[in-house]
Amino acid sequence: MKHWQQLLQASLSHPEELAARFKIDPAPLVAVAAAYPMRINPYYLNLIRRPGDPLWCQAVPDVRELTDRICQPDPLNEEQLSPVPNLVHKYPDRALFLVNDQCAMYCRFCTRKRKVGTKRMIITSDTIKAGLDYLGRTPEIRDVLLSGGDPLLLEDEKLQWLLESLRRIPSIEIIRIGSRVPCTLPMRITTRLAALLKRYHPLYINTHFNHPDEITPAAALACQRLAAAGIPLGCQTVLLRGINDDPLIMKTLFHQLLRIRVRPYYLFQGDMTKGTDHFRTPIEKGLAIMRSLIGHTSGLAVPTFAVDAPGGGGKIPLTPNYVRQMGDELVFNNYCGMTCTYGNVK
Ligand SMILES: *Cc1c(COP(=O)(O)O)cnc(C)c1O
Ligand code: SF4
């Protein structure tokens, strides 16, 4: 068994296993972990310093997951937007293809917590073949985003078969992989994996870091290997109450991502996913964070802040308002409040 597989196997999946290390009462968390799976691998566990810290809150079950009366199991209406199971086709030219039910850690705020890591997510060779078949007969899809679960937890051989099958479909121009492994289990990014991925360009990876404490030497090495294989790396961060809903934390995170060659791509407003209401922040919070970044730091460190519209409307970008109309003139406020006008043309 490979090192990363051994780590995965040594994951904690019962709250009782946390008690010895952190001196907490695990009893109230048992029901939570029964409803939504827990998996904390030894690598991520070692990054947690104390109960309640930003990494703990992402990984450890919370009783509030069971008392959420506001949010919905499938707020993005993904199941209805799937022409075949596990393939979401809602935009004209791209599709989301769920190819694995497992992750290296089960994030408590996961959008797909209704099924990821549970028996309710059924991914087999047959569902993958049905997805490939749909992509083959739907040539308007030119960009396929592999997700799950985490595609990079598939074994090398399986991943190679999948990428080869995708590359046999001529209408697919771009392959994207969404993976949290560079953050939650960076040892999975072996030199062998990077060499394998490199054969299927143009291939992009969007990873997912939420806090500066996740940026470790091991994560940096993983991203270095992927970048050296010519893979452009982006990050899809989720705005999380009490974890990263702070301008300084976000700026630090985005600067540190750039240093490990990851470009902030999206900052997501929390989806209205059942069991995650306690993580949600007011929209104004995200807008204030964007205002604190735009102009104050390089554009490379500024992602697009977006809300994924409930019901399946897709991602809507949210930007602070810098402009108003006065007669024929547009009046702007720049990042530090200075007013400028621009004579518009008809
Ligand atoms: C996010 C998403 C995509 C990709 O969106 P981009 O804005 O191109 O990154 C594609 N399909 C679905 C269903 C998605 O949720
Ligand atoms: S890695 Fe992504 S898919 Fe997996 S549990 Fe976390 S948020 Fe969900």
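This section describes the strand order, the covered strands and helices, and selected residue environments of a predicted model.

The central element of the description is an open sheet of nine strands with mixed pairing, in the order E1-E2-E3-E4-E5-E6-E7-E8-E9. Strand E1 (87-88) and E9 occupy the edges, and each has a single partner strand, so one side of each is left without a neighbour in the sheet.

Strand E3 comprises residues 143-147, and five of its five residues are buried. Burial extends to both faces of E3: Asp143, Leu145 and Ser147 lie on one side, whereas Val144 and Leu146 lie on the other. This division follows a general pattern, as side chains in a regular strand alternate between the two faces of the sheet. Strand E2 (residues 94-98) pairs with E3 in the parallel sense through five bridges, and serine 147 in E3 is the bridge partner of leucine 98. Between these two strands the chain passes through helix H6 (residues 125-136), in a β-α-β crossover that is right-handed. E3 is also paired with E4 in the parallel sense, here over four bridges. Leucine 146 has isoleucine 177 in E4 as its bridge partner. The connection from E3 to E4 runs through helix H7 (residues 156-167), and this β-α-β crossover is likewise right-handed.

Strand E4 (residues 174-178) contains arginine 176. This residue has a relative accessible area of 12%, which is below the 20% limit for burial; arginine 176 is therefore classed as buried. With neighbours within four places in sequence left aside, the contacts of arginine 176 are Arg94, Asp143, Val144, Leu145, Leu146, Tyr204, Asn206 and Tyr265. Among these contacts, Asp143, Val144, Leu145 and Leu146 are buried residues of E3.

Further along the sheet, strand E7 (residues 263-268) and E8 pair in the parallel sense over three bridges. Tyrosine 266 is placed opposite threonine 304 in E8, and leucine 267 has phenylalanine 305 in E8 as its bridge partner. The chain reaches E8 from E7 by way of helix H12 (residues 283-293), and the resulting β-α-β crossover is right-handed. Strand E8 itself (residues 304-309) is mostly covered, with five of its six residues buried.

E8 is additionally joined by four bridges to strand E9 (residues 314-317), and these two strands run antiparallel. Aspartate 308 stands opposite lysine 315 in E9. The hairpin of E8 and E9 has four residues between the strands, and within this hairpin glycine 311 adopts a positive phi near 95°.

The buried residues of H12 include Gly286, Ile289, Met290 and Leu293. Viewed down the axis of H12, its buried residues fall within an arc of 100°, so they line one face of the helix. An α-helix has 3.6 residues a turn, so residues three or four places apart point the same way. The cover over the buried residues of H12 includes helix H11 (247-259), together with E7 and E8. Glycine 295 follows H12 and has a positive phi, near 80°.

Helix H11 contains isoleucine 249. Isoleucine 249 is partly exposed, with a relative accessible area of 25%. Apart from neighbours within four places in sequence, isoleucine 249 is in contact with His211, Pro212, Ile243 and Asn244. Isoleucine 249 and leucine 29 are 220 residues apart along the chain, and 28 Å separates their C-alpha atoms.

The surroundings of ligand 2 consist of Cys103, Met105, Tyr106, Cys107, Cys110, Gly149 and Arg180. By residue class, this shell divides into five nonpolar, one polar and one charged.

Technical notes. Residues numbered from 1 in each chain as written. Chains lettered and ligands numbered in written order. Predicted model: local features only at pLDDT ≥ 70, side-chain atom pairs only at ≥ 80, totals over all residues. Heavy atoms only, no water. Buried < 20%, exposed > 50% of the residue type's maximum accessible area, 1.4 Å probe, protein only. Pairing = 2+ DSSP bridges. Right-handed = clockwise from strand over helix to strand, strands pointing away. Arc of directions from axis to C-beta. Contact = heavy atoms within 4.5 Å. Near = heavy atom within 4 Å. Nonpolar A, V, L, I, M, F, W, Y, C, P; charged D, E, K, R; others polar.
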